[in-house]
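Here is a quick walk through a model you may want to keep open beside you. We'll take a few residues, then the confidence, the pocket and the overall layout.

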Amino acid sequence: MSSPIDQEVAAIRGEEKSKGGLSYEVILAEPVSDRPPSPLTVSTPTRPQPSEEEIERKLLAAKERREANRSINDVDEKINQAVQKRQEIVSTFVTKTKENLDAKMEESQEKREAHLNSLKTKLKEHLERVETIRLTNDTKLQEIRQQIDEKLKSADEKRDEIIKQLQEKLRLHEEHIKSVKQSSEEKTKAMEEQIHSKIQLAAEKREEIEKEMLEKLKEQDRRGELARQKKENRLSGGGQCDEGETASSG
């Protein structure tokens, strides 16, 4: 029969479960029996059993590797969260900027249309006043002609002199009508040029605003690309370091 000490040594076994789900079984000694060793057992060299200190060292190294992998995973998760948050901020900024630009462009369009309508109204009123003056002048011209006919009938002696005077008045009156008409046409042309100039300036301003927004969007894309490249470089460097630590620990 085996001694109590031999039975105790044969029964000593250690088992440890890591947090990763792996199981380690450590056998400190082989069971001892009363049977004499066989020649095969005597002749075959036995493999030296690892010491308790070596087992603890390997377990500690394995634990450190697991913690290092967990730290890398935590860093990757934080980086992914930061990149996602930045993308959300950029997306929100672009959306709000586009909405503000659309609102400003719509407001500018409404103001421009209101201004154009105001100018058109003023031009229409001016043309109506010119037409009223023309009709008034036509009426007066008709009255003058009637007066001429009456005076020709009533005074044959002074007919030539009166005709000359009235013709002079008529000439001056027609020149005045011509001058008023020319002035009205010049004002109309000036107002049309002013409207065209304001429309062109508004279009140029809108193009400048659109260019500025495109430049801002390009800058945001460039910064996002730099952040992504930094993340890839960091991950590449971390992966190489992890492989080196695994090789040295093994």
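## A203, halfway out

A203 counts as partly exposed because its relative accessibility is 38%. Keep in mind as you look around that this is a predicted model. A203 lies in helix α4, and the stretch that makes up this helix runs over residues 159-249.

Which residue sits 94 positions from A203 in sequence but 9.9 Å from it in space? That would be Q109, with the distance taken from C-alpha to C-alpha.

## S184 and T188, tucked away

Stay on helix α4 and you'll find S184 there. Is S184 buried or exposed? With a relative accessibility of 6%, S184 counts as buried, because the cut-off for that is under 20%. Leaving out residues up to four places away in sequence, S184 touches H126, L127 and V130. With one of these, H126, there is also a polar contact: the two side chains are joined at 3.4 Å.

T188 is also part of helix α4. It has a relative accessible area of 14%, so T188 is buried too. Which residues does T188 touch, once neighbours within four places in sequence are set aside? They are L123 and L127. So L127 turns up twice, as a contact of S184 and as a contact of T188, which fits the cut-off of heavy atoms within 4.5 Å.

## I133, over on α3

Now hop to helix α3, which covers residues 52-154 and holds I133. At 39% relative accessibility, I133 counts as partly exposed, because that value falls between the 20% and 50% cut-offs.

How far apart are the C-alpha atoms of I133 and I177? The separation is 8.6 Å, for two residues that are 44 places apart along the chain.

## How far to trust it

The mean pLDDT of the chain is 76, and 76% of the residues come in at 70 or more. Which element has the lowest mean pLDDT, and which the highest? Helix α1, residues 4-11, is at the bottom with a mean of 43, while α3 is at the top with 86.

Two stretches call for a second look. Over residues 1-19 the pLDDT stays under 50, and the model gives this part 29 contacts beyond four places in sequence. Residues 39-43 are also below 50, and here the model has 1 contact beyond near neighbours in sequence.

## The largest pocket

The largest pocket holds about 340 Å³ of space. Its lining is made of 15 residues, and those nearest the centre are L101, K104, M105, K205 and I209. Which elements give two or more residues to this lining? They are α3 and α4, and α3 gives the most, with 8 residues.

As for chemistry, the lining splits into 6 charged residues, 5 nonpolar and 4 polar.

## The whole chain

Stepping back, the chain has 4 helices and 2 strands. In what order do they come along the sequence? The pattern reads α-β-β-α-α-α.

Of the 250 residues in the chain, 14% are buried; S184 and T188 are among them. If you look at contacts with a separation of 6 or more, 66% of them are between residues 24 or more positions apart.

Definitions and conventions
Residues numbered from 1 in each chain as written. Predicted model: local features only at pLDDT ≥ 70, side-chain atom pairs only at ≥ 80, totals over all residues. Heavy atoms only, no water. Buried < 20%, exposed > 50% of the residue type's maximum accessible area, 1.4 Å probe, protein only. Polar contact = N/O pair within 3.5 Å; in protein donor to acceptor, adjacent residues only side chain to side chain. pLDDT = per-residue confidence, 0-100. 1 Å grid on protein atoms, 1.4 Å probe; cavity = no way out; pocket = protein on both sides within 12 Å on 5 of 7 lines; lining within 4 Å. Points joined across faces, edges and corners; volume = space filled by probe spheres on them. Nonpolar A, V, L, I, M, F, W, Y, C, P; charged D, E, K, R; others polar.
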